[in-house]
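Work through the exercises below with the model open beside you. Try each task before reading its solution.

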Amino acid sequence: LQSLDVANNQLRELPAALADCPRLKEANFRGNQLKDKRLEKMVNGCQTKAILEYLRAGGRGKGKVESAREDVRKKKREKQQKKDSGDGEQDEVEEASKLLVKVLHVSENPAPLVVKVSPGVKDVRAFIVCCVLKGVNLKPGNALKRFLTMQTKLHEDICEKRTVATIATHDLQLVKAPLTYNVQPPDELKIMPLGRKEIKAKDLLRQLQLEAEEQRKQKKRQNVSGLHRYLQLLDGKDNYPCLVDAEGAVISFPPITNSEKTKIRKETQDLFLEVTSDTSLQICKDVMDTLILKIAELNRSALENREGSGSDTELDAHCGPRNTNLPLVLEQVRVVDTDGNLKVLYPSKTDLATVSSLLTVIR
């Protein structure tokens, strides 16, 4: 089966067995009132390959994240087989070369960061996971550019073009705690977006829509790239989600942008990381696991001076001795409700399991 057209019928579900059709390249499912509303959106805007991946993973809340978990399970099985066959020494070498992250528990932290969640987010963008990562080096060569590119790729891949989750990264030194995850009406929410002046959310979206339309006309394309692709994710919302600091400033407006106020620079060493979703809490955690792994990989690369700019003397002057296996420090962040009851703590003892084959976590 290479082509399938069942558009404008009365289908309520699509069978997972379609994912087992290896030659199926073109499929049209539009015009069916599917029970899975996310799948209904996908059939109207995604390529056949993405739809089949979604069906293969079993539906809502899965997809690429589930595939990543399966890869981790496979690697664990292979590792166990090596041990059983007497390749223990090789495993010890691999373990020593793995990336290191040390968890600082809330109980050990004299000033832990807390995020308070208001009840209004439940109907807009209910799930948020946060943490602090210290000891990052973005100075050498194009390390900062690579960091931003990595974040974009994660939005495209594991976040499925921001439809299942959105990442925001902040310079911790510029974050004024405590933080509140809240909702505000579009004509009241104000933010200073990256690279722009302060603006109301409704005006920002209108401005971005005009820019998107202008881009389309100039490039004669059906689709637009960059930030403009995510505008429709807020369609029909009476309130918009936002992360507000202790001074009342909005530092994050998911899934659109975060603020110039907490923008990451080459000098940034400590990060405040945030993942939000309207899909599930587990998606947020899985995305955060992957984000921490990717930052650890980039950090080691920077410490090894793979960017190839500057002399060894310059690097040592800026970054200190080049021990490429120093652990990053990952501080737990509590997300609580308005009464102070714990909603989520990240990382808990069960988190970071999806990347455990590549990352050593010292708890």
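**Exercise 1. Find how far helix H5 reaches from its first C-alpha to its last, and compare this with the expected span.**

Solution. This is a predicted model. Start with the residues: H5 covers 143-156, which makes 14 residues. Next, take the distance from the first C-alpha to the last: 20 Å. Then compare. At 1.5 Å a residue, 20 Å is expected, and H5 comes close to that.

**Exercise 2. Which residues of H5 are buried, and what do they pack against?**

Solution. Step one is to list the buried residues. They are Ala143, Leu144, Phe147, Met150, Gln151, Leu154 and His155. Step two is to look down the axis of H5. The buried residues fall within an arc of 140°, so they line one face of the helix. Step three is to turn to the face directed away from the buried side. Exposed Lys145 and Lys153 sit there. Step four is to find the partners of the buried residues. These are strand E6 (166-171), strand E13 (270-277) and helix H7 (281-303).

**Exercise 3. How many disulfides does the model have? Check Cys131 and Cys159.**

Solution. A disulfide needs two cysteine sulfur atoms within 2.5 Å. Apply that cut-off, and the count is zero. Now check Cys131. Its closest cysteine sulfur belongs to Cys130 and is 7.7 Å away, too far for a bond. Then check Cys159. The nearest cysteine sulfur is in Cys284, at 9.1 Å, and Cys159 is in no disulfide. Finish with accessibility. Cys131 has a relative accessible area of 0% and is buried. Cys159 is also at 0% and counts as buried.

**Exercise 4. Locate the cis peptide bond between Ala177 and Pro178, then the one from Pro254 to Pro255.**

Solution. Take Ala177 and Pro178 to begin. Omega of their bond is about 0°, and the bond is cis. Pro178 lies in the loop between E6 and strand E7 (179-184). Move on to Pro254 and Pro255. Here omega is near 5°, again for a cis bond. Pro255 belongs to the loop between strand E11 (250-253) and strand E12 (257-258).

**Exercise 5. Asn8 has a positive phi, and so does Glu160. Is Asn8 buried or exposed? Is Glu160 buried or exposed?**

Solution. Read the angles. Phi is near 55° in Asn8, which is not a glycine. Phi is near 50° in Glu160, also a residue other than glycine. Next, place each residue. Asn8 is in the loop between strand E1 (3-5) and strand E2 (26-28). Glu160 is in the loop between H5 and E6. Now use the cut-offs: under 20% is buried, over 50% is exposed. Asn8 is at 63% relative accessibility, so Asn8 counts as exposed. Glu160 has a relative accessible area of 14%, so Glu160 is buried.

**Exercise 6. What lines the second largest cavity, and which element gives the most?**

Solution. Begin with the search of the whole structure, which finds three cavities of 30 Å³ or more. Pick the second largest, with a volume of about 50 Å³. List its lining: Val136, Asn137, Leu138, Ala143, Phe147, Ile295, Leu298 and Asn299. Assign the lining to elements. H5 and H7 each supply at least two residues. H7 gives the most, with three. Last, link back to Exercise 2: Ala143 and Phe147 are in this lining, and both are buried residues of H5.

Notes:
Residues are numbered from 1 along each chain as its sequence is written. This is a predicted model: local features need pLDDT of at least 70, side-chain atom pairs count only at pLDDT 80 or more; totals for chains, interfaces and linings use all residues. Side-chain values use heavy atoms; hydrogens and water are left out. Helices (H or I, at least four residues) and strands (E, at least two) are DSSP runs, numbered from the N terminus. The expected span of a helix is 1.5 Å times one less than its number of residues. Buried means under 20% relative accessible area, exposed over 50%, partly exposed in between (1.4 Å probe, protein chains only). The arc is that of the directions from the helix axis to the C-beta atoms. Contact means heavy atoms within 4.5 Å. On a 1 Å grid over the protein atoms alone, a cavity is a set of points where a 1.4 Å probe fits but cannot get out, and a pocket is an open set with protein on both sides within 12 Å along at least five of seven lines; lining residues have an atom within 4 Å of a point. Grid points are joined across faces, edges and corners, and a volume is the space filled by probe spheres set on the points.
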